[in-house]
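The exercises below are to be worked with the sequence and the model open side by side. Each task is followed by a solution that goes step by step.

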Amino acid sequence: MPDSVRLPDANGEVRDYTPTGRFLYAEGGAPPRTRLPYAAVHVVADALADASPVGPVAVDWERTLAFRRHIWSYGLGVADAMDTAQRGMGLDWESSKELIKRSVAEAKAVGGRIVCGAQTDHLVTGSARDLRDIEAAYEEQCEFVEAQGGQVVMMASRELARIARGPDDYARVYGHVLSQLGQPALIHWLGEVFDPALRGYWGNVDLDRAMTVCLKIITANADKVEGVKLSLLDQQREIAMRAQLPSRVRMFTGDDFDYPTTIAGDGERFSDALLGAFDMIAPAASAALLALDGGDVESFHTVLAPTVPLSRHVFGHPTFYYKTGVVFLAYLNGHQDHFRMVGGLESGRSALHLAQLFVLADQAGLLRDAELAVDRMRPVMALAGVAAS
């Protein structure tokens, strides 16, 4: 039985907590056959580099690539250089290019599936003068991804959200960029709950109208769209949109609050997955999806059920900072030797939030080595003034 650790609770009290010490999953798994799952993955910062929140980005490439091999070992695909990797929150385009180059090469070496984010974040905020500037920025990034051998995820653009006058501007930009691609892309609709700068995307604050615009763009370019990743944390909207997609276009759930329901489907339609939550729960996701392959829907839900409270906690308000929890669990599980993040984002969540995360990960059977996790939890709590027992 592992030692206990002192943790704060929501009432402001400090209590001893003894983890169960049970890791419930296998050490790997085959790629699922009935669903196409991607884990949106984080980057590991180089904690010893002379970097700052406003300085050059420093990435520990060895640990970053090792984590991607961990995801592939469970049969999941990797979605790289997206918001989980801190695009728009510390990871700039120059560092993203190096990440894409290295990760795609690693995917080829191990036979892993990979998609990579392309957007317009190399433009200085406020610098885009017209839609052609936006198109050119997207083209540059998409060309780079495809030149490395990667598949594009066309991410939402803050600059497009800033200058677009209405739905027609989105239709023009997306239609033009998609037409240039060598292979179909995934479109990522990232909602304002994840990034407030994207409020009113698709030319509408009203989400019903926004969804109609997005569907029209997908339908008009269906031969260039493999799927859409919906990140609104709105299950019913995902289900409604999924039913209206062209027949060959996949819905990739981005619902980190209720992924079991959307992945399982309703007997007629289901969602594939592209989830930041899968960065944390890859062993459970693999086990559940393999059970689903075998027709065991009950086991699928049984495996994933205890992971949902963990994911809802990590992606809770303000959702913008969910990356902090994702990296913290990677630290607890030994995937990196420190709890430091690009841009200093380790400060994005409170000590109480991290303490609750520890408990929920333990209850989900996701702490690979409870003794190591306790040893790593203690100094984090000590920094918050929680004395060891």
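A residue counts as buried when its relative accessible area is under 20%, and as exposed when that area is over 50%. The model used here is a predicted one.

**Exercise 1.** Decide whether Gln119 is buried or exposed, and state which residues it touches.

*Solution.* Begin with the position: Gln119 belongs to the loop that lies between β5 (114-118) and α3 (131-148). Next, take its relative accessible area, which is 8%; because this value is under the 20% cut-off, Gln119 is buried. Finally, list the contacts: leaving aside residues up to four places away in sequence, Gln119 touches Arg87, Ala137, Tyr138, Gln141, Met155 and Ala156.

**Exercise 2.** Trace how β8, β9 and β10 are connected, and give the handedness of each β-α-β crossover.

*Solution.* Start with β8 (residues 225-231) and β9 (residues 250-253), which pair in the parallel sense over 4 bridges, with Leu230 standing opposite Thr253 of β9. The chain passes from β8 through helix α7 (residues 235-242) to β9, and this crossover is right-handed. Then turn to β10 (residues 272-275), which runs parallel to β9 and is joined to it by 2 bridges; here Thr253 has Ala273 as its bridge partner. The β-α-β unit made by β9, helix α8 (residues 259-264) and β10 is likewise right-handed.

**Exercise 3.** Find which residues Ser4 touches, not counting residues up to four places away in sequence.

*Solution.* First locate Ser4 in the segment before β1 (5-8). With that exclusion, Ser4 touches Asp16, Tyr17, Thr18, Val374 and Arg378. As a last step, compare the C-alpha atoms of Ser4 and Leu372, which are separated by 12 Å although the two residues are 368 residues apart along the chain.

Methods: Residues are numbered from 1 along each chain as its sequence is written. This is a predicted model: local features need pLDDT of at least 70, side-chain atom pairs count only at pLDDT 80 or more; totals for chains, interfaces and linings use all residues. Side-chain values use heavy atoms; hydrogens and water are left out. Two strands pair if DSSP finds at least two bridges between them. A crossover is right-handed if, with the strands pointing away from the viewer, the path from the first strand over the helix to the second runs clockwise. Contact means heavy atoms within 4.5 Å. Buried means under 20% relative accessible area, exposed over 50%, partly exposed in between (1.4 Å probe, protein chains only).
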